[in-house]
Amino acid sequence: MSREEVEEWGWRQHELARSLANRLGEDSSTSSRPPSSDDPYRRGEREKKPAAVGPGGDETSAAAPEKTGDPAEKKASRPAGKRPGAKGFWRSQPIVTSAEIAHAPTVCAACGAVLGLDLKRRCVGAHNSLELVRGDMSLQVTATKHVYFAVRCPCGHDNVARPGVGLRSDIEGRRRNLQMSERCLVGPMLATFIAALSLRFRLSRSKIQEFLHDWLGLELGTATIERCIHEFGLASEPVVEQLIEDVRAAEIVHVDETPWYQKGDLRWMWVLVTATTTVFHIGSRRKEELTALIGEAFLGWLITDGYAAYRDHPRRQRCLAHLIRKGLALAEGYYGAGSGFGRDLVRDLRRLIERIHDGEGDDMPAVKRLMARIKWNCQCNRDEFEKKVRELAGEILNDWDAVVAFVGDPDLPPTNNEAERALRHAVIARRISFGTRTDEGSRFYAAALSVIDTCRRRGVETWGYVGSLIAAARASLPPPAIQTRAAA
Ligand SMILES: [Zn+2]
C-alpha cells in the first residue's frame, strides 16, 4: 500500500470506530430512540445528570427541556389526583330507572319467625345502580333503583335490610379508602366491563371515559372508573392465593421476569405459568420473591432462563431458545472462530430439540453423539479470546444438567415460550402506561392479570366470571372458583 492508501485506510477505520462508539452511547435523551429502549438500570442515573448541552455548546437550545415522557420526570411535581379545592365532577345526566328492586328482610334475626308481606314495611334507603346487560350480540346499560326496607317483627325486633358491605383496602394517610359495597352506582358487570377496557384493552382512564360517553351515553367520572379497576384487583386477591397453591402443586412451572416501573422506580414483574394457571407478581428481582411465590417445598420442574435466582432449584430446564439466540448473535457477528462455534451450537441445539420431539430418548446413539458434540464444542471454546464466546461456552457447561434435562424427560418443554408469551401483554401495557403508581396499584394489577390469564387458560368465560367475583366481594361472600370448563 502507498502512504496515501494507508492514511486513507487508517482514517476510515477511525471514522468507523468513532461512529460505532457514538452509537453505543446513545439513549433516549441523546437520540430519537424511545425511552422504552433505555437500559432499565440506568434510568435513575440519567435523571440526575444536568441538562445536556447542545452539540455546539449552545446552552439556549437546551434551556427548554424536551418532554421525554419518562415517568420519573413528573415525580418531583404534584401527586396524582385532584388538587384540594378543585372543581368536582357531577353527573349532568339524569338517571332514568327502568326497574325497581325491593330488598326487605324475610326472617327475623332475633326469633327466626318468617316476616310475611302483611307486616308493615318502612323504607330506610335507596340507591340507583347502572348495570351492563350482555345479550346475544348486544350490550345495554340499564338503570335500576334498589330500595331497602325495615320490618318490625311481632316479637319487637326491628329487622333492617341493608346493602352488603365487602372487602376493604386501607392505606395509612389516605383520605378515602377503598370499601367494596353493594351500594354502588356501577353494577358488578359494568364495573367488569370498565376494568376490562383498562386491563385487557389497555385504555387509559380518560379514554375509557370518552368511550363510555360516546358509545353508551354514560357519564362517569375518572374516579369512578378508577374505582372499578381497583375493585377488580381487590376482589382478585383471595383468588390469587388459591392460584399460588395450584402453582405450588404443579409438575411443570414456567418462570420469567421483566422490568416494571412503579412511580418511575424499577420493579420486576414475575410470571409463573403452569398448564392451567398463571400468576403475576410485582416486586424486587431478588430470589426471595420467587421463593415466596413457589414456596420452599416446591418439588416440580422449573423452566427458566439463565437468571441466577433460579440456579439453586434442583429440577430445572434451561430455556434453549435463549441459548439459540445467543448462538445466533455469535454466528452473525464478527467473532472469528467464535462465529463458527455459534453456528454449530445453533444447529446442534435445534437438532437435539427435533430429535427429542420426534420421540428419541437419551439412550439413542444419535442423541448421545449430539450431546457429546455440544459439550465438546463448549469445552473447546471456554477459554476463547472473545469474551462473548467464552461466556456462552462457560454458561452452557456450568448449567449442563439444566440445558439437557428435557432429553431424559420428554414431557419437559425445552423453551420458556409460555412464560414469555404471558409477559407480552404486560410489556406492551408498560410501554403505554409507564407502569403503576403505588404498591396497592401494583398488587391489584398483578392479581387482576392473574385472574384474567387463568380464566383464559382454563377456558372459562372471563368476564362473566369476573362479574360474579366482584358481586361476591361486594357482599362479603367467598370468591367463586375458576373451574376448568371440562370439570364444570
Ligand atoms: Zn322476631
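**Figure 1. Glutamate 395 is a buried residue of this predicted model, with a relative accessible area of 16%.** Welcome to the first close-up, which, like the others, shows a predicted model rather than an experimental one. Glutamate 395 belongs to helix α11, the run of residues 387-398. The value of 16% puts glutamate 395 in the buried class because that class takes in anything under 20%. Which residues touch glutamate 395 once its neighbours within four places in sequence are set aside? They are Arg311, Arg318, Leu323 and Lys326.

**Figure 2. Aspartate 348 sits in helix α9, which covers residues 337-357.** Here is another acidic side chain to look at. Is aspartate 348 buried or exposed? With a relative accessible area of 0%, aspartate 348 is buried. Apart from neighbours within four places in sequence, the contacts of aspartate 348 are Leu370, Arg373, Ile374 and Asn377.

**Figure 3. Four cysteines hold the zinc ion through their sulfur atoms.** The protein donors are the SG atoms of Cys108, Cys111, Cys153 and Cys155, and they lie 2.3 to 2.4 Å from the zinc ion. What is the geometry of the site? The site is tetrahedral, with angles of 100 to 118° among its 4 donor atoms. For orientation, the ideal angle for four tetrahedral donors is 109.5 degrees. Along the chain, the donors of the zinc ion are spaced as C-x2-C-x41-C-x1-C. Cysteine 111 and cysteine 153 link distant parts of the chain, being 42 residues apart. Cysteine 111 comes from the loop between β1 (99-103) and β2 (121-135), while cysteine 153 comes from the loop between β3 (138-152) and β4 (158-160). Take a moment to compare the surroundings of these two donors. Cysteine 111 is partly exposed at 44% relative accessible area, whereas cysteine 153 is buried at 4%.

**Figure 4. Strands β2 and β3 form an antiparallel pair with 14 bridges.** Look across the pair to find arginine 134, which faces leucine 139 in β3. The two strands make a hairpin with 2 residues between them. In this hairpin, methionine 137 has a positive phi near 55°.

**Figure 5. Helix α4, residues 188-199, is largely enclosed by the rest of the structure.** How many of the 12 residues of α4 are buried? The count is 11 of the 12, so the helix is largely enclosed. Among the buried residues are Met189, Leu190, Phe193, Ile194, Leu197 and Leu199. Thr192 and Ser198 are also on the buried list. The length of the helix can be checked too: at 1.5 Å a residue, α4 should span 16 Å, and its end C-alpha atoms are 16 Å apart, which agrees.

**Figure 6. Arginine 202 and serine 476 each have a positive phi without being glycine.** Where does arginine 202 lie? Arginine 202 is in the loop between α4 and α5 (205-216), and its phi is near 55°. Arginine 202 is partly exposed, with a relative accessible area of 26%. Serine 476 lies in the segment after α16 (462-474), where its phi is near 60°.

**Figure 7. Cysteine 380 has no sulfur partner at bonding distance.** Why does cysteine 380 not form a bond with the closest cysteine sulfur? That sulfur belongs to cysteine 378 and is 9.2 Å away, which is too far for a bond because a disulfide needs two cysteine sulfur atoms within 2.5 Å. Cysteine 380 counts as partly exposed, at 44% relative accessibility. A search of the whole structure turns up 0 disulfides.

**Figure 8. Tryptophan 270 is buried in strand β8, residues 265-273.** The relative accessible area of tryptophan 270 is 0%. Do trace the chain onward to glycine 283, 13 residues apart from tryptophan 270 in sequence. The C-alpha atoms of tryptophan 270 and glycine 283 are separated by 7.8 Å.

**Figure 9. Leucine 218 lies in the loop between α5 and α6 (222-248).** Leucine 218 counts as buried, at 5% relative accessibility. How far apart in space are leucine 218 and arginine 347? From C-alpha to C-alpha they are 58 Å apart, with their positions 129 residues apart in sequence numbering.

Note on methods
Residues are numbered from 1 along each chain as its sequence is written. This is a predicted model: local features need pLDDT of at least 70, side-chain atom pairs count only at pLDDT 80 or more; totals for chains, interfaces and linings use all residues. Side-chain values use heavy atoms; hydrogens and water are left out. Donors are N, O and S atoms within 2.8 Å of the metal (3.2 Å for Na, K and Ca); water is not among the atoms, so sites may look incomplete. Four donors count as tetrahedral if all angles lie between 85 and 135 degrees; four count as square planar and six as octahedral if opposite donors are over 155 degrees apart and all others between 65 and 115; anything else is irregular. Helices (H or I, at least four residues) and strands (E, at least two) are DSSP runs, numbered from the N terminus. Buried means under 20% relative accessible area, exposed over 50%, partly exposed in between (1.4 Å probe, protein chains only). Contact means heavy atoms within 4.5 Å. The expected span of a helix is 1.5 Å times one less than its number of residues. Two strands pair if DSSP finds at least two bridges between them.
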